[in-house]
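Visitor: Good morning. I have not seen this structure before; could you take me through some parts of it?
Guide: Certainly. Please put your questions in any order.

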Amino acid sequence: MAFEPPRRLVRALGETAPEGDDWLEKLPELAREAVERRELTVERVQLPGGRSSLVVLVRTADGTPAVLKLAPPRARPESERVALAHWGGRGAVQLLEPVSEGTEGVLLLERLHPDVSVRTLPEAKALLEAAGTLRRLWVDPPEGHVFETVAERTGRQAKAMRAGADAAPEVAPLVDAALSAREELLDSPPEHRLLHGTFRQSKVLSGDRMPWLAVGPDPVVGEHAFDLARLVRDRVEDLIAQPSGATTTRRRVRRLAESLEVDRDRLRGWTLFRAVESGVRARRVGRERDAELLLEFASWL
């Protein structure tokens, strides 16, 4: 079978690929090797797929449905592997293969229902189910972990945000507000837990073992509010289209904070930072429409 990378993946990785990165060129051969090594039967490549990895629906040698995921080193697949192993299937997709020779950048995972995420539910129900799933992931990180911290990750992002503000002065006030919020939030974090890192409605899929399970973490260690912040802006295009979008957003912050016992101001602050960071990054790679939506959303906070 030809393992042609989906257009969505090619476009997304092309926006962020460092010079000389040839992972996409090697991907078809990497996929063939991974399938042969594990004696898998390929059903199909998942489309439209993700923005950082190739996802292939397969069956193991005994006929068990599974998912083969291949990701470049910059997507931190080994960090994802460690987090999934630590969660052990509690709230997240189950890892089917331990670390061994030939597993670098390749994850063999429990098969969920890839076309059914909580995003298919009515908004209020979707937020409730997503929040409940996220709560199960907030555990103490493994002893001696090497996960990136929120301070480290947002520190890298802050540098890019400052550069973006220098290049586009009109976004400078929002960037300044986001960076100030970050400094205050990092001064006294209330907890240091293992977080999903990139949690949103589309990252929660229907399963057979449990109704809803999280996929695709980019794990990080820090406070709960950081993880919840990305969920606040889910369906941002719908929020922007509403005359009452700003009011709905503030109400969502309050409800999510209350339901997960997170400080409302800390959730608002991290939501501001993450929305501005995403907006500046979208502008940097030419996704102007996304940038407009995100920065307008951020201005409501």
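Visitor: How many bridges pair strand β7 with β8, and in which sense?
Guide: This is a predicted model. In it, β7 (residues 204–206) and β8 are joined by three bridges in the antiparallel sense.

Visitor: Which residue stands opposite S206 there?
Guide: The residue opposite S206 is W212, in β8.

Visitor: What packs on that sheet?
Guide: Helix α4, residues 123–137, packs on the sheet and touches β7 and β8. The direction of α4 makes about 55° with that of β8.

Visitor: In what order do the strands of this sheet come?
Guide: The order is β5-β7-β8, three strands in an open sheet with antiparallel pairing. β5 (113–117) and β8 (212–214) each have a single partner strand, so one side of each has no neighbour in the sheet. From one strand to the next, the twist averages 55°.

Visitor: Now the four-stranded sheet, please. Which strands stand at the edges of that one?
Guide: That open sheet has the order β1-β2-β3-β4, again with antiparallel pairing. Its edges are β1 (41–45) and β4 (106–110); each has a single partner strand, and therefore one side of each is left without a neighbour in the sheet. Neighbouring strands here are turned by 30° against each other on average, direction ignored.

Visitor: How many bridges join β3 to β4?
Guide: Five bridges join β3 (residues 65–70) to β4, and the two run antiparallel. Within this pairing, A66 has E110 of β4 as its bridge partner. Helix α3, residues 77–87, lies across β3 and β4 and runs at about 35° to β4.

Visitor: Let us change topic. How do α5 and α6 cross?
Guide: The axes of α5 (residues 150–167) and α6 (residues 172–187) come within 10 Å and cross at roughly 160°. That angle is why α5 is roughly antiparallel to α6. The crossing is left-handed.

Visitor: Which residues meet there?
Guide: Among them are V150, A158 and M161 from α5, and V175, L179 and L186 from α6. The residues of this contact divide into 10 nonpolar, two polar and two charged.

Visitor: One last residue: where is R264 placed?
Guide: R264 is in helix α10, residues 264–284. Its relative accessibility is 44%, so R264 counts as partly exposed.

Visitor: And what does R264 touch?
Guide: Leaving aside residues up to four places away in sequence, R264 touches V253, R254, A257 and E258. The C-alpha atoms of R264 and R250 are separated by 9.8 Å, with the two residues 14 residues apart along the chain.

Methods. Residues numbered from 1 in each chain as written. Predicted model: local features only at pLDDT ≥ 70, side-chain atom pairs only at ≥ 80, totals over all residues. Heavy atoms only, no water. Pairing = 2+ DSSP bridges. Axes fitted to C-alpha atoms, helices over the stretch in contact; angles between N-to-C directions. Contact = heavy atoms within 4.5 Å. Parallel < 35°, antiparallel > 145°, perpendicular 65-115°, else oblique. Left-handed = near helix turned anticlockwise from the far one by under 90°. Nonpolar A, V, L, I, M, F, W, Y, C, P; charged D, E, K, R; others polar. Buried < 20%, exposed > 50% of the residue type's maximum accessible area, 1.4 Å probe, protein only.
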